[in-house]
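Colleague: I've got the model open and want to know what stands behind the labels. Can you take me through them?

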Amino acid sequence: MFLEILTAIILGCIMGTITGITPGLHINLVALILFGISPVLLEYTNIIAVASFIIAMSITHTFTDFISATYLGAPADDTALAVLPAHRMLLEGLGHEAVKLTVIGSLLCLIITIMLSPLLIIAVPFVFSFLKDYVAWILLGIVIFMILREEDMNKKFWAFVVASLSGILGLIVFNLPNLKDPLLPMLSGLFGVSVLFLSLAQKVILPIQRTTEMIKLKTKNTIKALGSGIFSGSLVSIFPGLGPAQAAVLAGQIAGKIDVFSYLILVGGINTVSMTLSLITLFKIGKARNGSIIVVQQLLQSIDINALMLFLAVALAAGGIAAFITLYVSKLFCGIMNRLNYSALSVIIIVFVAAMVLYFSGIAGFLILIIATSIGLIPNIVNVSRSNSMACLFVPIILVTIA
């Protein structure tokens with residue numbers, strides 16, 4: 001049994017690395033494929049090993065997906081708000097340092113969450129019952145706050161415009177029938193392709209990427225980032241409809257004014273916390289909020305305390321391995337970026353994203369990509385926060401929940 005689980009962890013970390021650095025390839029798809037072929041797999045191994053593979057893959061993915069977000073500007077729903085500060089650091093030659101900060105956030109939040117697991121097992125049912133009726137109002141408050149925090153009335157007006165356009169786009173996207181992977185064209189346009197177009201327009205020249213130790217973290221800001229990341233990531237695993245992107249905005253408001261380094265630590269930790277705590281919510285309230293953990297639920301039906309402890313140990317082991325893998329792969333990307341023309345690379349990425357959207361989401365998805373990219377250009381032109389574009393996810397949830 002030990003060797004089977006160890007093998008499952010190693011293979012899961014490898015697959016999580018592949019899904020993390022490949023835009024458009026999601027762990028949920030791999031987990032569903034595994035579920036489909038599980039009868040065949042169970043002839044050669046046991047169900048606990050299959051579940052351990054999925055958990056290791058899922059945890060590793062939460063580390064490595066920041067590589068593609070940083071170097072390629074290809075955001076998923078859990079990395080969308082990391083793209084901008086990570087891209088700024090990339091343009092300063094500090095792409096690897098940006099990835100390193102997200103690794104710090106992921107690993108420390110994972111360790112702290114597992115240390116707090118006895119308390120969380122007790123707290124989860126109470127938090128769920130207390131806040132379940134207020135999620136929509138919390139999200140509405142965040143949207144209003146994002147608009148009002150802009151410096152003057154002109155910027156507040158444009159923030160409202162960006163939030164409104166993004167919210168309308170989200171409503172349209174989520175209500176289009178037969179649209180596959182709706183987040184891919186919408187988030188890629190708002191936070192990925194639009195940033196790359198701006199880089200092309202400004203004729204950005206990418207500096208040599210360095211692997212340094214020059215980043216100095218402020219203890220107070222780091223603690224605030226970790227605490228906010230754990231709290232917000234916990235909400236994702238408890239409440240339906242609340243995703244890592246929404247949690248990142250919420251965590252940013254909770255943490256207050258922190259530097260870019262601490263913010264990347266915060267964003268790095270959220271999805272890892274969400275994935276880890278989903279195991280606890282599955283155990284305690286019988287609900288899983290992450291697609292891959294839902295597959296684990298379908299495989300096992302339910303988990304007891306012994307299975308929970310084993311899976312938390314698997315998550316911790318996978319996190320340790322994933323941290324080393326992510327830093328190693330990030331250094332490889334640094335070397336590749338230093339040999340490429342950034343403008344040419346931006347064009348290649350835009351074409352690649354467009355091709356992926358056409359493949360996964362069809363012509364409708366391609367049109368959404370164009371519209372989302374157009375909206376994504378506005379914040380830079382009028383100099384307001386791009387986080388207002390997260391209304392594309394907030395508004396549909398608010399309206400559905402309140403209705």
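Modeller: Sure. Right after α12 comes G286, with a positive phi near 65°. Keep in mind that this is a predicted model, where local features need pLDDT of at least 70, side-chain atom pairs count only at pLDDT 80 or more, and totals for chains, interfaces and linings use all residues. Residues are numbered from 1 along each chain as its sequence is written, and side-chain values use heavy atoms, with hydrogens and water left out.

Colleague: How do you know that the length of helix α12 agrees with its 26 residues?

Modeller: The expected span is 1.5 Å times one less than the number of residues. For α12, residues 260-285, that comes to 38 Å, and the end C-alpha atoms sit 36 Å apart, so the two agree.

Colleague: What makes you say α12 is largely enclosed?

Modeller: Buried means under 20% relative accessible area, exposed over 50%, and partly exposed in between (1.4 Å probe, protein chains only). In α12, 21 of the 26 residues are buried, so the rest of the structure largely encloses this helix.

Colleague: Why is the contact between E97 and K100 called a salt bridge?

Modeller: The term needs a side-chain nitrogen of Lys or Arg within 4 Å of a carboxyl oxygen of Asp or Glu. Here the N to O distance is 3.3 Å, so the pair fits the definition. The structure holds one such bridge.

Colleague: And why do E97 and K100 count as buried?

Modeller: E97 has 1% relative accessibility, so it counts as buried; K100, at 18%, does too.

Conventions
Helices (H or I, at least four residues) and strands (E, at least two) are DSSP runs, numbered from the N terminus.
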